[in-house]
Amino acid sequence: MRTRREFLQKITYSAMVLPLLPSWQFGSPHIDSEPYEGPVLRVAIMGLGGYGTRVAEAMKACKKAKLAGVVSGTPAKVKEWQSKHQIPEKNCYNYENFDDLKDNPDIDAVYVITPNALHHDQVIRAAKAGKHVICEKPMGLNAKEGEEMVQACKDANVKLLVGYRMHFEPKTLEVVRMRQNGDFGKILFFQGQCGFRIGDPNQWRLDKTLAGGGSLMDIGIYAVNGARYMVGEEPIWVTAQEMKTDPVKFKEGVDETILFQLGFPSGAVSSCLSTYNMNHLDRFFLNGEKGFAEMQPSTGYGPIEGRTHKGKLTQQHITHQTLQMEEMASIILEGKEPVIAVDGEEGLRDLKIIDAIYKSCHTGESVKLV
Ligand code: NDP
């Protein structure tokens with residue numbers, strides 16, 4: 001897992017969003033020292049694994065979001081996190097008792113960072129406890145799960161957000177701004193290539209019951225999601241082909257490599273690759289009648305690198321998860337509208353496309369999306 005994602009960070013902010021952002025986001029990778037006295041989102045992280053640890057570290061630099069609690073199945077980790085992050089005992093839960101969050105006024109939101117197959121039930125339980133929920137990608141295993149999660153959060157009157165950190169990344173937002181501004185002209189083509197060579201054959205990512213699939217659920221989802229925000233349309237058809245070179249490591253239902261194509265209402269098309277069997281594969285390319293954008297790396301932890309027909313993208317790097325949590329706090333606490341949606345409906349759109357990709361792999365036919 002780490003191999004693909006172990007480039008670290010520097011970022012920048014787009015001209016479009018600059019006027020909307022607090023001053024710390026212009027230059028420093030950390031929040032400035034200006035005192036902040038507004039509301040703070042108090043977050044409990046569920047699942048103290050690799051990514052949960054990264055989010056917790058990044059949140060230290062946030063002003064509007066704070067790690068306030070944990071939900072974990074590993075008591076030793078809870079102790080370690082308590083002392084490292086000054087978390088009181090009353091804000092510590094396990095997977096059996098976290099429904100008791102409903103009686104805890106000191107937690108506003110739960111961030112679910114567990115294996116994919118657990119997201120559905122955990123998000124619904126957190127919502128029923130009256131807490132806003134941030135859920136890691138993929139939001140669920142399929143569109144049916146996604147719909148139930150969206151409905152449960154609506155019923156509980158809480159917000160559901162998906163951990164799409166790239167939706168706040170400055171170079172990405174600059175390309176989206178340029179596309180919206182017409183700088184690329186009519187969009188014709190998007191290419192998204194996302195993958196890494198996965199290690200340990202015993203990890204949950206290679207277990208269908210916990211991962212819900214293979215590379216597509218984990219890394220190919222960045223190309224699915226990226227195709228939508230780079231082209232700026234929702235696809236209307238999908239074709240896909242699966243290739244497997246190692247059926248022992250990649251068992252039935254765990255995809256190793258998938259090629260997929262998406263067609264958009266304007267006639268734009270997209271050609272994408274998702275794989276667990278190639279390194280150095282983290283590239284987006286957008287082509288229009290008047291210009292292009294290319295990004296490589298395009299979705300790793302950064303710094304993201306890219307250029308367009310107008311030159312190099314120079315926006316500064318800020319730790320993705322710091323920026324994400326700061327912006328998500330504004331969405332939840334102040335009703336701020338992000339440039340690219342991060343709500344449950346957004347997660348659901350990706351799950352519908354993922355369902356269609358798997359269906360096309362099995363049938364060999366084009367699948368229409370309604
Ligand atoms: P890890 O395996 O590192 O951590 C998952 C944690 O979930 C475990 O440490 C454990 O925490 C908890 N857990 C609960 N039940 C189980 C179980 N049955 N098997 C294994 N772990 C369990 O995974 P990651 O942190 O890498 O991934 C977690 C989620 O985050 C995934 O959905 C993944 O797609 C997403 N992710 C997102 C990234 C992004 O850039 N947005 C990057 C990496 C991951 P505990 O011991 O505390 O219970």
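User: In this predicted model, which backbone nitrogen does a side-chain oxygen of E169 reach at the start of α6?

Analyst: One reads such a feature by looking for pairs of N or O atoms within 3.5 Å. Here, a side-chain oxygen of E169 comes to within 3.2 Å of the backbone nitrogen of K171, at the start of α6. Just after α6, G182 adopts a positive phi of about 85°.

User: Why is helix α6 described as largely enclosed by the rest of the structure?

Analyst: Burial is judged by relative accessible area, with under 20% counting as buried. In helix α6 (residues 170-180), nine of the eleven residues are buried, so the helix is largely enclosed by the rest of the structure. Among them are P170, K171, E174 and R179.

User: Which elements do the buried residues of α6 pack against?

Analyst: They pack against β7 (187-195), α8, β11 (281-288), β12 (292-295), β13 (306-308) and α9 (320-334).

User: How many residues surround the ligand, and which are the closest?

Analyst: The ligand is surrounded by 27 residues, the closest being S72, T74, K77, Y95 and R165. By class, the shell comprises ten nonpolar, ten polar and seven charged residues. Domain 1 (18-163) and domain 2 (166-316 + 344-368) each supply at least three residues to this shell.

User: Where do polar atoms of T74, Y95 and L48 lie relative to the ligand?

Analyst: A polar side-chain atom of T74 lies 2.5 Å from a ligand oxygen. For Y95, an N or O atom of the side chain is 2.5 Å from an oxygen atom of the ligand. L48 instead uses a backbone N or O atom, 2.9 Å from a ligand oxygen. The ligand taken alone exposes 900 Å², of which the protein buries 82%. The elements giving two or more residues to the shell are α2 (50-59) and α8 (215-231).

Note on methods: Residues numbered from 1 in each chain as written. Predicted model: local features only at pLDDT ≥ 70, side-chain atom pairs only at ≥ 80, totals over all residues. Heavy atoms only, no water. Near = heavy atom within 4 Å. Polar contact = N/O pair within 3.5 Å; in protein donor to acceptor, adjacent residues only side chain to side chain. Areas by Shrake-Rupley, 256 points an atom, 1.4 Å probe, with all protein chains shown as cover. Helix = DSSP H or I, 4+ residues; strand = E, 2+ residues; numbered from the N terminus. Nonpolar A, V, L, I, M, F, W, Y, C, P; charged D, E, K, R; others polar. Domains from an automatic or database assignment. Buried < 20%, exposed > 50% of the residue type's maximum accessible area, 1.4 Å probe, protein only. Contact = heavy atoms within 4.5 Å.
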